[in-house]
Amino acid sequence: MASFDLNLARVFVLLYESGSVTATAEALHVTQPTVSYSLGKLRRHFDDELFRRTGRGLTPTAGARRLYEPFQRALAEIDGTIRQADDFDPETMPGRFTIAMSDLGEATLLPRLLRAARERAPRVSFTVRPFDVEDAESHLRRGDLDAFVATPVLNTHRTVRIPLFQERYVGMVASDHPRIRGDAVTLEELSAEHHATVFGPSGHLAPRGVLAAHGLLERVVVDATRFSMLPYLLEQTDLIAIVPEYVGEVFTASHHVRLVRLPFETELIEVALYARHESSRSPAQRWLVRFMSDVLGEQVSPAQLPPYAVR
């Protein structure tokens, strides 16, 4: 193994993480035939196919899965040693990043991110794409996205999931709702009201799941496409919606709506940042992940406070 070319290890790690000869070639600034030639050398060296082509790209074999961790760890240590000379400096270097968020993220987390960027990295700018749970991971692998923020747990060996904060669900109604008067709603009241839900690619499935678990889906009178339109709908009707608590608090500051506690416990929502593995990131992308983790991880959600009793 002493004569093993370190460049082959980098090709292997990038192929493993991206599942694409094209993406690997672009990351290394070489041609696709060069990557294919390197893959051939890797296969001969280890006497293993290493990757099989499927409809979702290159899928690693069992042998490749055994090799990935030691190769990735070794490259991370080497990259860490030389990184100081290769860091991205947002104070002196312009940078434009493409990130994906749900409409909830755009309404609540994006302002926080941009406020911090204006203070700490004024030469940095962002392009924001809508988050689609079906496509976000593949866009990240192909380099169309630098990072994305999501609540669904996407299990993939090709991306890294970095937890940011947790929160819980609450009810949201018009400030002057004609029947729900207090700061909590009973199951009987919830069953008597009509509901608004969101049905789409944002990944927030829990509100509809909660209603289904209590036999209340038949009380839904509107399925909207975006969470951010709910406060506009609720402040002009007598509907109720189940929303993440922090998001609801942001909406109460700008709309005539208020929050009410639900009559049952709901599963905590964990908001996370997804990015490429560190060895696959550019210096600018490494800065971005640190920056987003720092800024959005500072979020103190109501879910992190002591639980309250439902009245």
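Strand 3, residues 95–101, runs parallel to strand 4, and seven bridges join the two. In this predicted model, Ala100 sits opposite Arg129 of strand 4. Strands of a sheet pair through backbone hydrogen bonds, either parallel or antiparallel.

Now widen the view to the whole sheet. Five strands make it up, in the order 4-3-5-12-6. The sheet is open, and its pairing is mixed. Strand 4 (124–130) and strand 6 (160–167) each have a single partner strand, so each has one side without a neighbour in the sheet. These two strands are the edges. Between neighbouring strands of this sheet the average turn is 25°, with direction ignored.

A helix lies against this sheet. Helix 12, residues 283–297, packs on the sheet and touches strand 3, strand 4, strand 5 (147–150), strand 6 and strand 12 (269–275). The direction of helix 12 makes about 15° with that of strand 6.

Turn next to helix 3. This helix covers residues 32–46, 15 residues in total. From first C-alpha to last, helix 3 reaches 21 Å, close to the 21 Å expected at 1.5 Å a residue. Its buried residues are Val35, Ser38, Leu39, Gly40 and Leu42. An α-helix has 3.6 residues a turn, so residues three or four places apart point the same way. What do the buried residues of helix 3 pack against? Their partners are helix 1 (6–18), helix 2 (21–28) and strand 1 (51–54). After helix 3 comes Asp47, with a positive phi near 50°.

Ala107 offers a contact across the sequence. This residue belongs to helix 5, residues 103–108. Is Ala107 buried or partly exposed? The relative accessible area of Ala107 is 30%, so Ala107 counts as partly exposed. Leaving aside residues up to four places away in sequence, Ala107 touches Val250 and Phe251. Ala107 and Val250 are 143 residues apart in sequence, yet their C-alpha atoms are 8.3 Å apart in space.

Last comes a pocket. The second largest pocket holds about 340 Å³ of space. Its lining has 18 residues. Which of them lie nearest the centre of the pocket? They are Arg56, Glu134, Glu137, Asn155 and Thr156. Strand 2 (57–60) and helix 7 (136–142) are the elements that give two or more residues to this lining.

Definitions and conventions
Residues numbered from 1 in each chain as written. Predicted model: local features only at pLDDT ≥ 70, side-chain atom pairs only at ≥ 80, totals over all residues. Heavy atoms only, no water. Pairing = 2+ DSSP bridges. Helix = DSSP H or I, 4+ residues; strand = E, 2+ residues; numbered from the N terminus. Axes fitted to C-alpha atoms, helices over the stretch in contact; angles between N-to-C directions. Contact = heavy atoms within 4.5 Å. Expected span 1.5 Å × (residues − 1). Buried < 20%, exposed > 50% of the residue type's maximum accessible area, 1.4 Å probe, protein only. 1 Å grid on protein atoms, 1.4 Å probe; cavity = no way out; pocket = protein on both sides within 12 Å on 5 of 7 lines; lining within 4 Å. Points joined across faces, edges and corners; volume = space filled by probe spheres on them.
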